[in-house]
Amino acid sequence: MKPVKVGLLGLGTVGCGTVRVLARNADEIQRRAGRGIRIVSASARDMTRPRDCDLQGIALTADAYAVVDDPAIQIVLELIGGIELARELVLRAIDNGKHVVTANKALIALHGNEIFAHASKRGVTVAFEAAVGGGIPIIKAIREALAGNTIEWLAGIINGTGNFILTEMRDKGRDFADVLAEAQRLGYAEADPTFDVEGIDAAHKLTILASIAFGIPLQFERVYTEGIARISREDVVNAAELGYRIKHLGIARRRAEGIELRVHPTLVPHRRLLANVDGVMNAVLVRADAVGPTLYYGPGAGAEPTASAVVADLVDVTRALTVDPTNRVPHLAFQPDALADVPVLPIDDAVCAYYLHLRAADRPGVLADITRILSERGISIEAVLQPQPDEEVEDASIIILTAVVQEARINDAIAAIQRMDAITTPLTRIRVEHLK
Ligand SMILES: NC(=O)c1ccc[n+]([C@@H]2O[C@H](COP(=O)([O-])OP(=O)(O)OC[C@H]3O[C@@H](n4cnc5c(N)ncnc54)[C@H](O)[C@@H]3O)[C@@H](O)[C@H]2O)c1
Ligand SMILES: N[C@@H](CCO)C(=O)O
Ligand code: NA
């Protein structure tokens, strides 16, 4: 059988990684797919830039539309990133009857509902394994391998750049900006790295994971999002003292009232596997009713790990080219007409435990006042830590770990604590998850 013809958009980190993996493993891929998979044309913004991959046999063009409009192309591989142009090109490829493989989580999180509806109407597939967890086959695992379960919750480290920064800062005391620059050099970071640092990229990925886990439409705008920029060295040390590590987690939990969708720094008990996922590695812990907990671990970013997922999608799409579209795995795991209209809960309705770090004037009765404020609101204290005060500072640090409580209630307590005369600076609050 003739090779499948692929048109590639974007010859950057993932684009070049994909060209390399497809060439290196061509024979193995053909044995799996039943036919060869060949990139026949590619569009690049800068035609003269030297590339980290061999482009022999690939027709190059500066015009991305020439690729999506080429009647010979069967699969369009979108690896340019960004949102508006990518959306336009993907919709046009679908209109032209082409299948699409993309690594673009921002595109899927924001426009996936429209893109999948369009693709289903046209009888083509849009595959996006590389969009979440880089090389970890997490989309396939949740969408296909856990199909017999009701999924209760999932929690994951789903941004490689952020985890790399936190690990290097914790282990080597390196500077935030310096580690971020290295992540950019290594090809981990987004074109706009604030997406990594502020949790937006993780929120894109959580949006996708929640949809395929619970069978709900993609709802990026409902994800509560906090980034890693405000995590201090002091809190990392305090957390360690209490037996925790600070990880940036995306959490999706199904409750009777609705679904929690939140991305934020989180204290995780140091013995949990997720607490020990370091560097650019990602991991997603999924709790499902029949199988119980399963954990998926692997490189969350980088050229060839991401290419691994892209090429797997190319193989999947190739194998399904002749399958009746209605018999293909649904884009969002559940049949499109069976997606549920379950509310996403506001962050005030979230329930978890909290780490509170406050600075108070070092005088008697302050701790008693704080514990009274908490107990009046029915909030139990699990642990209190008072690190040795720094001699040059007049205020003393107090760290409190609470039991599980509704966020609105802790907010009310925080506001009351903050009004105390003895409290002079804004309190730090970090959520705590025991992941059981
Ligand atoms: N880098 C990773 O580790 C990683 C992992 C998973 C997913 N992704 C996603 O993969 C996509 C690509 O990421 P990347 O890291 O390879 O980015 P990149 O910036 O290295 O590559 C994108 C390339 O597309 C080119 N481009 C932009 N507009 C173009 C156009 N109109 N026509 C042709 N080329 C154009 C750019 O010049 C650039 O070379 C993004 O959606 C990203 O979120 C990246
Ligand atoms: N910038 C992303 C790439 C992988 O999606 C990350 O660091 O996780
Ligand atoms: Na993946």
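**Core.** I started with the largest nonpolar core, which has 138 residues; L154, L206, L209, A252 and V310 touch the most other members. I then asked which element gives this core its largest share, and found helix α10 (residues 200-214), with 10 residues. I note that the model I am reading is predicted. For the background I wrote down that nonpolar side chains in soluble globular proteins tend to be buried together.

I took L209 as one of the core residues to follow up. Beyond four places in sequence, L209 touches V132, I142, L154 and A252. Two of the names in that list, L154 and A252, I had already noted among the core residues that touch the most other members.

**K205.** I stayed in helix α10, where K205 is found. I looked up the UniProt record, an unreviewed entry, and the annotation covering K205 there is "active site". Is K205 buried or exposed? I count K205 as buried because it has 28 C-beta neighbours inside 10 Å, and the cut-off for buried is 20 or more. Leaving out residues up to four places away in sequence, I find K205 touching K105, A131, V132, I158 and G250. V132 is also on the contact list of L209.

**E190.** I went next to E190, where UniProt, again in an unreviewed entry, places the feature "binding site". I located E190 in the loop between α8 (176-185) and α9 (194-197). E190 is buried, since 21 other C-beta atoms lie within 10 Å. Its contacts, not counting residues up to four places away in sequence, are F195, D196 and D201.

**Ligand 2.** I listed what surrounds ligand 2: G134, N159, G160, T161, Y188, A189, E190, D196, D201, G300 and A301. E190 is therefore in this shell, and so are D196 and D201, both of which E190 touches. By class I get 3 nonpolar, 5 polar and 3 charged residues around ligand 2.

**Ligand 1.** How many residues surround ligand 1? I find 27, and the closest are G10, G12, G81, A103 and A301. A301 is also among the residues around ligand 2. Helix α1 (residues 13-24) supplies the largest share of the ligand 1 shell, 3 residues. I sorted this shell into 13 nonpolar, 11 polar and 3 charged residues.

**Strand β9.** I then read along β9 (residues 244-255), where 10 of the 12 residues are buried. I checked which strands pair with β9. Strand β7 (residues 151-157) pairs with β9 in the antiparallel sense over 4 bridges, and W153 has R253 as its bridge partner in β9. Strand β10 (residues 258-269) also runs antiparallel to β9, and 12 bridges join the two. Here I noted P269 in β10 as the bridge partner of Y244. The connection from β9 to β10 is a hairpin through 2 residues.

**A288.** My last entry is A288, in strand β11 (residues 281-288). I count A288 as partly exposed because it has 18 C-beta neighbours inside 10 Å, and buried would take 20 or more. Which residues does A288 contact beyond four places in sequence? I find L146, N149, T150, I151 and E152. I also looked up D313, which is 25 residues from A288 along the chain; their C-alpha atoms are separated by 25 Å.

Notes. Residues numbered from 1 in each chain as written. Chains lettered and ligands numbered in written order. Predicted model: local features only at pLDDT ≥ 70, side-chain atom pairs only at ≥ 80, totals over all residues. Pairing = 2+ DSSP bridges. Near = placed C-beta within 6 Å. Nonpolar A, V, L, I, M, F, W, Y, C, P; charged D, E, K, R; others polar. Core = buried A, V, L, I, M, F, W, Y, C linked by C-beta atoms within 7 Å. Contact = placed C-beta atoms within 7 Å. UniProt positions renumbered as here; feature names shortened; annotations may be inferred.
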